[in-house]
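Visitor: Hey, I've got a protein model open and I'd like to talk about its pockets. Can you walk me through them?

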Amino acid sequence: MLRCSLIVLIQSCREKHLMNAIQPSASNGPRYDLATMSFHWATAVLVVTLFATAQIWSFLAKGTPLRHNLQGLHISLGILLTAAIVGRLLWRLTRGRRLASHQGMAGLAAKAGHVLLYALLLTQIVLGFMFRWAQGESFDFFGLFAVPALMAPNPDWKHTLGGLHENVAWALIILSGLHACVALLHHWWLKDGVLLRMIPENR
């Protein structure tokens with residue numbers, strides 16, 4: 001009887017070891033293509049930098065060179081963010097690699113979060129352009145070229161658009177922070193390889 005139990009235990013351990021050996025680890029799971037990764041991380045860096053520059057110049061006196069330079073940098077990076085978002089959407093709709101998402105409520109929550117992020121990004125971009133046009137001030141990309149105005153200066157709209165632009169910025173940075181926290185939760189707690197999908201594989 002004892003001999004039979006030992007045989008069953010050894011066989012069970014062998015089967016478990018075999019299953020672990022053939023089961024792919026999270027680090028070897030599917031990943032997004034390099035272009036999708038590049039667009040993702042470029043967007044993340046630009047969003048954080050744009051938010052930081054706006055917060056820094058809010059503490060500076062109007063008319064100071066540093067405040068003016070930060071505003072110019074903010075505008076140029078905003079144009080760059082626009083190009084990144086448009087490129088990312090076009091790539092996603094055409095050649096971007098799509099991976100299977102989680103099922104059930106977790107999958108629905110993830111999709112809703114991504115849709116909301118895209119909606120906030122696009123809204124913020126439109127508000128940024130309209131706010132600058134309403135101000136009636138110069139609008140160029142690192143001094144290389146000017147962006148033509150599609151609306152006349154409007155002092156009344158300027159304050160409204162400026163307030164909306166700031167509110168959406170806070171909503172975007174908070175949602176982005178939650179997005180990052182969820183990604184870290186998947187990586188450190190669930191260990192399901194979700195975060196690794198957006199990180200190039202070391203070879």
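Guide: Sure! Keep in mind that this is a predicted model. Its largest pocket has a volume of about 1500 Å³.

Visitor: Which elements give two or more residues to the lining of that largest pocket?

Guide: Those are α2 (34–57), α3 (65–94), α4 (104–135) and α5 (155–190).

Visitor: And which one gives the most to the lining?

Guide: That's α5, with 14 residues.

Visitor: How many residues line the largest pocket, and which lie nearest its centre?

Guide: The lining has 47 residues, and H40, A110, H114, L117 and H179 are the ones nearest the centre.

Visitor: How do the lining residues divide into nonpolar, polar and charged?

Guide: For the largest pocket, you get 28 nonpolar, 13 polar and six charged.

Visitor: OK, new topic. What's the volume of the second largest pocket?

Guide: About 930 Å³. Here too, α2, α3, α4 and α5 are the elements giving two or more residues to the lining.

Visitor: Which residues lie nearest the centre of that one?

Guide: Look for A54, W57, H74, F131 and H165, out of 32 lining residues.

Visitor: And how many of those are nonpolar, polar or charged?

Guide: The second largest pocket's lining has 16 nonpolar, 11 polar and five charged residues.

Visitor: Last thing: which domains do the linings draw on?

Guide: The largest pocket takes at least three residues from each of domain 1 (32–99) and domain 2 (100–191). The second largest pocket also draws at least three from each of domain 1 and domain 2.

Definitions and conventions
Residues numbered from 1 in each chain as written. Predicted model: local features only at pLDDT ≥ 70, side-chain atom pairs only at ≥ 80, totals over all residues. Heavy atoms only, no water. 1 Å grid on protein atoms, 1.4 Å probe; cavity = no way out; pocket = protein on both sides within 12 Å on 5 of 7 lines; lining within 4 Å. Points joined across faces, edges and corners; volume = space filled by probe spheres on them. Helix = DSSP H or I, 4+ residues; strand = E, 2+ residues; numbered from the N terminus. Nonpolar A, V, L, I, M, F, W, Y, C, P; charged D, E, K, R; others polar. Domains from an automatic or database assignment.
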